Structures are given as C-alpha cells and as structure tokens.
Amino acid sequence: MDLDAFIRERLPLKPTPGISEVRLHCATPRSGLMRLAEADPDFGSPYWARPWGGGLAVARHVLDHPDIVAARRVLDLGAGSGLVAIAAALAGASEVRAADVDPYALAATRLNAEANGVVIETVLGDLTTGDVPDAQLILVGDLFYDQDLAKRVMNFLDRCRAVGIAVLIGDPGRLFLPAERLVVVAEYQVADFGDPQGTSRRAGVFTLAP
C-alpha cells in the first residue's frame, strides 16, 4: 500500500484545534485505518492520526513564545503527528528533528510538515535508550500514559538536562506524569482526543524541577 497516498487521500488536512497556524492530516470515521492494520501485522495504535492535549499545549506555547525555540536545535521526542515539531519550525528553530518509534508517525510527520511549508528531519527509533542527542531543546508531548515509558523518558530527560539541554513537557495530567518532578510554566485549555465533543481540559507546559 502507498502510505503517503493513503494519508493524503483518506486523512484530510484540517486546522488544528486552538492552533490555526497548523493544519494536520487527521483521521475521520471514514478514513479506514483498519485497512492499514489489516495490511501490516505490526501496525500499532494510530496516535499519529490526530492531535493530543499535551502536544497542543506545547505547540501553542512555542508559537506564542517563539524566543523559546528561535535559532535553536530542537528535538520533538515522540512526535506522533509532528504537531510540536511543526510549531517549532514555524516559530524559527534553526533545526528540527522529530523522533518516534512508529514509522507511520514519521510518514505522517513528513506529510504534515510538507503541508505546512516547513522542513523537519525524521528519526526512527527509541532515543531514550541511546546517547544524549545533539539538541539545545527537547520538546515532549503526551508520553506519560505508560509507567515504563514514563520512567524511560524521565531518565533520558535527566541525562539531557545534565549536559545543558533545555526541556519542555506538555501533558494534560496523564496517569504517570511525575508532577512532583516538574515546574509549571503555562497552562492551556485544550480539546484532548477522546473527550466528549465540545469539551476541553487544562493541559500544562512544564520544565524539570531543579
């Protein structure tokens, strides 16, 4: 199956809720994502097919405060749709990389970046198990839904901060968010996927506590 063609044809470009500057290829009830699952036994949860609350908060914060990313090398960890990476590029980052363990997410990120007129390098793999990246800022959205993943992410972010890399985390209060380790920078009302239509919740943008 031609994945690029499938995404372009079956996941229409839509303005992102609360972030009119960015359009994303988003799934609809008629997108037929089960066709991808049937064609690929390794197909995982298509979280890349829609925006999530933490990413919405970080993206909005970066676009409202472009000085955070301007002229900096930025890594979007767990990129999903690429929303946060796209926001960083639009806000003036000198270089943006989007990392994810899911090749479908990186395909969506590439197409979403193209649709928004920005250039993003995609990296396939779990960077939390490797060396500290060549970045000046790491942006993280919605990676605290699983306990083991949350531990790996925090260990990785601690290593990054130890060598001077700044960190911003966006999250709407998922179960394994280590709130005691974080400092709130800003809060935004966001429409998190799975919530009843027309409702919103508060999502925070955080740095690591000293």
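Does Pro66 count as buried, partly exposed or exposed, and at what relative accessibility? Pro66 counts as partly exposed, at 35% relative accessibility. Here are some notes on that residue and a few other places worth a look; please keep in mind that this is a predicted model.

1. **Pro66 and its surroundings.** You will find Pro66 in the loop between α3 and β3. The value of 35% falls between the two cut-offs, under 20% for buried and over 50% for exposed, which is why Pro66 is called partly exposed. If you pick out Pro41 as well, the two prolines are 25 residues apart in sequence, yet their C-alpha atoms are 41 Å apart in space.

2. **The length of α6.** Helix α6 covers residues 147-162. With 16 residues at 1.5 Å a residue, the helix should span 22 Å, and its end C-alpha atoms are 23 Å apart, so the two values agree.

3. **The two sides of α6.** The buried residues of this helix are Leu149, Ala150, Val153, Met154, Phe156, Leu157 and Cys160. They cover an arc of only 165° around the axis, and therefore lie on the same side of α6. Asp148, Asn155 and Ala162 are exposed on the other side. What do the buried residues of α6 pack against? Their partners are four strands: β3 (73-77), β6 (137-141), β7 (166-171) and β9 (201-208).

4. **The ends of α6.** At the N-terminal end, Asp146 acts as a cap, with a side-chain oxygen 3.1 Å from the backbone nitrogen of Asp148. Just after the helix comes Gly164, which takes a positive phi of about 95°.

5. **Aromatic pairs, starting with Phe43.** Searching the whole structure gives three aromatic pairs. One of them joins Phe43 and Tyr104 in an edge-to-face arrangement, 5.0 Å centre to centre and with 85° between the planes. Phe43 belongs to the loop between α2 (34-39) and α3 (53-64), while Tyr104 is in helix α5 (residues 103-115), so this pair ties together parts that are 61 residues apart in sequence. Both residues are buried: Phe43 has a relative accessible area of 16%, and Tyr104 is at 11% relative accessibility.

6. **Trp48 joins in.** The ring centres of Trp48 and Tyr104 are 6.1 Å apart and their planes are at 15°, so this pair is stacked. Trp48 also lies in the loop between α2 and α3, and because Tyr104 is in helix α5, the pair ties together parts that are 56 residues apart in sequence. With a relative accessible area of 0%, Trp48 is buried. Taken together, ring pairs link Phe43, Trp48 and Tyr104 into a cluster.

7. **A charge over a ring.** Have a look at Arg50 too: its charged end sits over the ring of Phe193, 4.1 Å from the ring centre.

8. **Ile19 in β2.** Ile19 is in strand β2 (residues 19-25) and is buried, with a relative accessible area of 1%. Which residues does Ile19 touch, not counting those up to four places away in sequence? The contacts are Leu56, Ala59, Arg60, Leu63 and Leu83. Ala203 makes a useful reference point: Ile19 and Ala203 are 184 residues apart in sequence, and their C-alpha atoms are 14 Å apart in space.

Key
Residues numbered from 1 in each chain as written. Predicted model: local features only at pLDDT ≥ 70, side-chain atom pairs only at ≥ 80, totals over all residues. Heavy atoms only, no water. Helix = DSSP H or I, 4+ residues; strand = E, 2+ residues; numbered from the N terminus. Expected span 1.5 Å × (residues − 1). Buried < 20%, exposed > 50% of the residue type's maximum accessible area, 1.4 Å probe, protein only. Arc of directions from axis to C-beta. Contact = heavy atoms within 4.5 Å. Polar contact = N/O pair within 3.5 Å; in protein donor to acceptor, adjacent residues only side chain to side chain. Phe/Tyr/Trp six-rings, centres within 6.5 Å; stacked < 30°, edge-to-face > 60°. Lys NZ or Arg CZ within 6 Å of the ring centre and 35° of its normal.
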